[in-house]
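User: Could you take me on a close look at the empty space enclosed inside this protein? I'm new to this, so plain words would be great.

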Amino acid sequence: MRQIMAFLTVTVAVFCAEALPHSYFKLRKHRGVKTESPFTEKYFTQTLDHFNFNSMGNGTFSQRYLITDKYWEKGVGPVFFYTGNEGDIWDFALNSGFITELAAQQRALVIFAEHRYYGTSLPFGHDSFNIPEIGLLTVEQALADYSVMITELKQQLAATRCPVIVFGGSYGGMLSVYMRLKYPNVVAGALAASAPILSTAGLGDSRQFFRDVTADFENIAPECREAVRGAFHQLKELAENQDYSHIQSEFSLCKPPSSAQDVHQLNGLLRNAFTMMAMLDYPYSTHFMGNMPANPVKVACETMLSGSDLLANLRNTAAIVYNSTGQLACFDLYSLYLECADPTGCGLGFNSMAWDYQACTEVNLCFESNNVTDMFPPMTFTEAERERYCSKRWAVVPRPDWFKTQFWGDALSTASNIIFSNGDLDPWANGGVRKSLSSSLIAINIPEGAHHLDLRGHDDADPASVVTARKTEADVIAQWVKMERSRLLHL
């Protein structure tokens, strides 16, 4: 699935004007209806190291981006630029329909840029995840990539007087905030959806995330929370008695666990299933980060309360995430879930390696569950544990306070033109900005919203709160575009 891009050695970053041999379209299936993506896939010749003018810093790599001018009033309309996050850029483009819908309204050019070291944008091909090659995976390099790409593409497309608004969800939303902070000369405003810029800077309570995951299920029914807690307690008792064959049969494991580490892995896999359902608690079925039914938290609670066998119920609830097709004959503990420096999950494959490295360096994700403020087994992930893991895995020492210094932490009051949107159903929400900080640092809270639901395209099942949020976002962005266009015309 992931093509490996050739490593080029050109002295400067220039716009790769040639598209693929033909426009690259992907068909997606949304609620049973196939629709065609408007995007063309292209590659940009990007600087390998923006902060090193010697030897390796003179190299380049091919960075993927998706573009459509279908809605654009050429040379006049704004540029809507998605700051790609930790995955294949097509996954985000095909699940962020609000941006193209807004582009149709405001006659904008739309670009989705892939983050270095993700998807096919691998600076050193298969060697990208070796040490020291992975050392060029930093937030600062990614932001510089986007700034260079925006500047060059605007020149190539005769769009130098077109205002740029950046968009992003989750980590991509964090990058949108940082783009506005670091490159206000390049971007006029940012919509940061579900961007946990405070918790990932080490600000806040390490118990918050799994407490909020628990609250999502508790809000369906307190009995649901207690059923989950009871199931994990039964699993703990079986593990303490080393009744591994019983654990294997209850959870349909491919192999019986044989150690405390195997049980720890099982706990992590099960906890991760609840995390995914809480994040993706959309009012309709989705195929983003796996296949998820409509209202998966409600479905999970119905499953947990479906009978007296709590362990079977827990297995079947996890299967909503790990076996949505019903085709898995058994669960392989170490292939379905990888433990990493992000206790909320890194995913699988190359993308998981890249995110693990970022969680070992700049992105602080020291969250824990404790079975007191949440319904999960006690699983710590302290700064000391993070440091030990990262030293062994990547030969790096994390910088837990770096985001506070580099990206302002919670001292954002002098910034401008940023929308922070968060949904109350999203366990990441309370790690972000929930209150407006000024007339142009606007917090939008969506009572019925899951993880960056507002970036998804219109759907008849959308709650009224997300419809209202999108209307507010559209109006604010239109104002920013108008103000920036006026400024540019008077230069």
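Analyst: The largest cavity holds about 50 Å³ of space, and keep in mind that this is a predicted model. So who sits around that space? The lining is made up of Phe251, Leu253, Leu266, Leu269, Leu270, Arg315, Ala318, Phe331 and Leu333. Sort those by class and you get eight nonpolar residues, no polar ones and one charged one; the charged one is Arg315, since Arg counts as charged.

Now for the helices. H8 (260-279) and H10 (310-322) each put at least two residues into this lining, and H8 gives the most, with three.

Phe251, one of the lining residues, also turns up somewhere else: Phe251 of H7 takes part in the contact between H6 and H7. The axes of H6 (residues 222-240) and H7 (residues 244-251) come within 8 Å and cross at roughly 145°. On the H6 side, the contact uses Leu235, Leu238 and Ala239, while H7 brings Tyr244, His246 and Ile247 along with Phe251. That contact has six nonpolar residues, one polar and no charged ones.

Is there other enclosed space to look at? Searching the whole structure turns up two cavities of 30 Å³ or more. The second largest has a volume of about 40 Å³, and its lining includes Val177, Tyr178, Leu181, Phe403 and Gly409. Helix H4 (residues 171-182) supplies the largest share of that lining, three residues. By class, eight of the residues lining the second largest cavity are nonpolar, one is polar and none is charged.

Methods. Residues numbered from 1 in each chain as written. Predicted model: local features only at pLDDT ≥ 70, side-chain atom pairs only at ≥ 80, totals over all residues. Heavy atoms only, no water. Axes fitted to C-alpha atoms, helices over the stretch in contact; angles between N-to-C directions. Helix = DSSP H or I, 4+ residues; strand = E, 2+ residues; numbered from the N terminus. Contact = heavy atoms within 4.5 Å. 1 Å grid on protein atoms, 1.4 Å probe; cavity = no way out; pocket = protein on both sides within 12 Å on 5 of 7 lines; lining within 4 Å. Points joined across faces, edges and corners; volume = space filled by probe spheres on them.
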